[in-house]
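Here is a friendly round of questions and answers to read alongside the model. Have the sequence and the 3D view open as you go.

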Amino acid sequence: MRVGVLTGGGDCPGLNAVIRAVTKSLINHGQCEVLGIADGFEGLMGKKPHVKPLSWDEVSGILHLGGTILGTSNSANPLRDEATLEQVERNVKTLGLDVVVVIGGDGTMSLAHGLRRIGLHCVGVPKTIDNDIANCERSFGFDTAVATVAESLRRIENTAMSHHRVMIVETMGRHAGWLALESGIAGAADIILLPEIDYDLQTIIQVCQKREQRQRYTIICIGEGAKESGQNLTVRERIEASPDPVRLGGVGHVLRERLQPHLKSEVRTTVLGHVQRGGDPTPFDRVLATQFGHHAAQLVQSGRLGHMVTLQNGRIGSVAIADVANTQRTVPLDSPLLTMARDIGICFGEA
């Protein structure tokens with residue numbers, strides 16, 4: 001078999017670990033030829049496909065590296081129009097690809113699902129620091145991002161204590177609050193604001209005012225998709241050519257402007273941005289990514305195409321890509337993590 005491998009969407013720690021596991025498993029047991037596709041789906045969209053052979057040596061020594069040796073793109077859309085789709089089909093035939101292992105988030109899985117129209121068989125591997133892929137309780141990259149944000153919160157707390165400030169830290173996560181929630185708990189945030197729970201400004205003001213009298217500082221961890229009750233999402237920009245054109249960001253600055261007139265403390269905002277995507281993967285993510293890559297290779301070898309690797313109830317398995325496409329996994333309002341956090345005094349901005 002000739003198998004393509006690509007990484008789509010935003011980068012995240014653990015991508016190289018998956019590439020390594022897929023390639024070595026297929027070479028070792030599947031007797032397959034593996035081609036790395038450059039820059040996500042973009043590598044299949046041009047007049048000439050951009051690929052390179054992935055040998056055993058090529059993928060050795062990359063387990064611990066952040067980013068992706070193949071490159072990626074969060075704007076490449078092979079379904080953009082009929083002409084683009086036809087070009088992808090020609091490139092797939094030219095390359096003689098039997099299947100493509102697609103490593104990405106919900107947007108990438110949606111594109112992979114759409115490519116059935118040209119008969120392209122895909123096997124998916126879930127990747128995102130947002131942890132928002134449906135039917136998957138843990139995606140690789142998330143643990144590393146949580147560790148990065150939690151460390152940032154701890155460092156910012158030092159400044160907050162020293163200057164008696166209210167410090168707002170904005171995380172990624174889009175419309176899901178998993179990153180803000182787990183990072184906020186791990187980083188001892190006093191207030192955690194999630195996309196799933198619209199916050200009441202007066203409630204946050206009261207918490208900060210009470211803390212001004214006691215601890216004299218407050219740490220707020222806010223997901224980029226959070227919003228005040230009755231208000232709209234904070235959109236940083238729109239990229240119309242992208243499969244996901246809306247880019248969120250800046251809600252931390254909006255909250256600062258709303259809070260400052262009501263507090264004696266100075267209010268500052270830090271937007272962590274792409275720091276959350278970078279760095280070497282944690283040992284947990286290296287192991288999980290390797291497991292995912294190995295299982296993806298098994299799906300290829302067994303002919304179970306059109307499936308995505310998943311982790312459910314602590315076990316590696318798979319689900320149909322169709323069940324993941326165009327959907328998202330958000331924090332349920334009855335999550336035990338929310339109950340625990342409330343019991344230890346963390347505020348979610350609820351009226």
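Q: Which elements cover the buried residues of H4?
A: This is a predicted model, in which local features need pLDDT of at least 70, side-chain atom pairs count only at pLDDT 80 or more, and totals for chains, interfaces and linings use all residues. Residues are numbered from 1 along each chain as its sequence is written, and side-chain values use heavy atoms, with hydrogens and water left out. Helices (H or I, at least four residues) and strands (E, at least two) are DSSP runs, numbered from the N terminus; buried means under 20% relative accessible area, exposed over 50% and partly exposed in between, with a 1.4 Å probe and protein chains only. The cover over the buried residues of H4 includes strand E6 (166-171), helix H5 (178-186), strand E8 (218-223), strand E11 (267-271) and helix H8 (283-302).

Q: What distance does H4 reach from its first C-alpha to its last?
A: H4 covers residues 142-163, which is 22 residues. The expected span of a helix is 1.5 Å times one less than its number of residues, and for H4 that comes to 32 Å. The model is close to this expectation, at 31 Å.

Q: Which residues is alanine 150 in contact with, leaving aside its neighbours within four places in sequence?
A: Alanine 150 is found in helix H4 and counts as buried because its relative accessibility is 13%. Glutamate 182 is 32 residues away in sequence, yet the two C-alpha atoms are 8.5 Å apart in space. Taking contact as heavy atoms within 4.5 Å, the partners of alanine 150 are Ser183, Ala186 and Gly187.

Q: How many of the nine residues of H5 are buried?
A: The buried residues of H5 are Trp178, Leu179, Ala180, Leu181, Glu182, Ser183 and Gly184. Their cover includes H4, E6, E7, E8 and helix H9 (336-343). H5 is thus mostly covered, and the number buried is seven.

Q: In what order do the four strands of the open sheet lie?
A: Two strands pair if DSSP finds at least two bridges between them. E6 and E8 pair in the parallel sense over six bridges, while strand E7 (residues 191-193) and E8 do so over three. The pairing in the open sheet is parallel, and the order is E7-E8-E6-E11.

Q: Which strands stand at the edges of this sheet?
A: An edge strand here has a single partner, so one side of it is left without a neighbour in the sheet. The strands at the edges are E7 and E11.

Q: Why is E8 largely enclosed by the rest of the structure?
A: On one side of E8, Thr218, Ile220 and Ile222 are buried, and on the other side Ile219, Cys221 and Gly223 are buried too. E8 is largely enclosed because the number of its residues that are buried is six of the six.

Q: Which residue in E8 stands opposite leucine 193?
A: Within the pairing of E6 and E8, isoleucine 168 stands opposite isoleucine 220. Isoleucine 192 stands opposite cysteine 221 in E8. For leucine 193, the residue opposite is isoleucine 222.

Q: At about what angle does H4 run to E6?
A: Axes are lines fitted to C-alpha atoms, for helices over the stretch in contact, and angles run from 0 to 180 degrees between N-to-C directions. Helix H7 (residues 251-259) lies across E6, E7, E8 and E11, at about 175 degrees to E11. H4 lies across E6, E8 and E11, and its angle to E6 is about 165 degrees.

Q: What is the phi of arginine 174?
A: Most residues other than glycine have a negative phi, and most peptide bonds are trans. Asparagine 135, in the loop between strand E5 (122-126) and H4, has a positive phi of about 65 degrees. Arginine 174 sits in the loop between E6 and H5 and is partly exposed, with a relative accessible area of 21%. Its phi is also positive, near 55 degrees.

Q: Where does alanine 188, with its positive phi of about 60 degrees, lie?
A: Histidine 164, which follows H4, has a positive phi near 55 degrees. Alanine 188 takes its positive phi just after H5.
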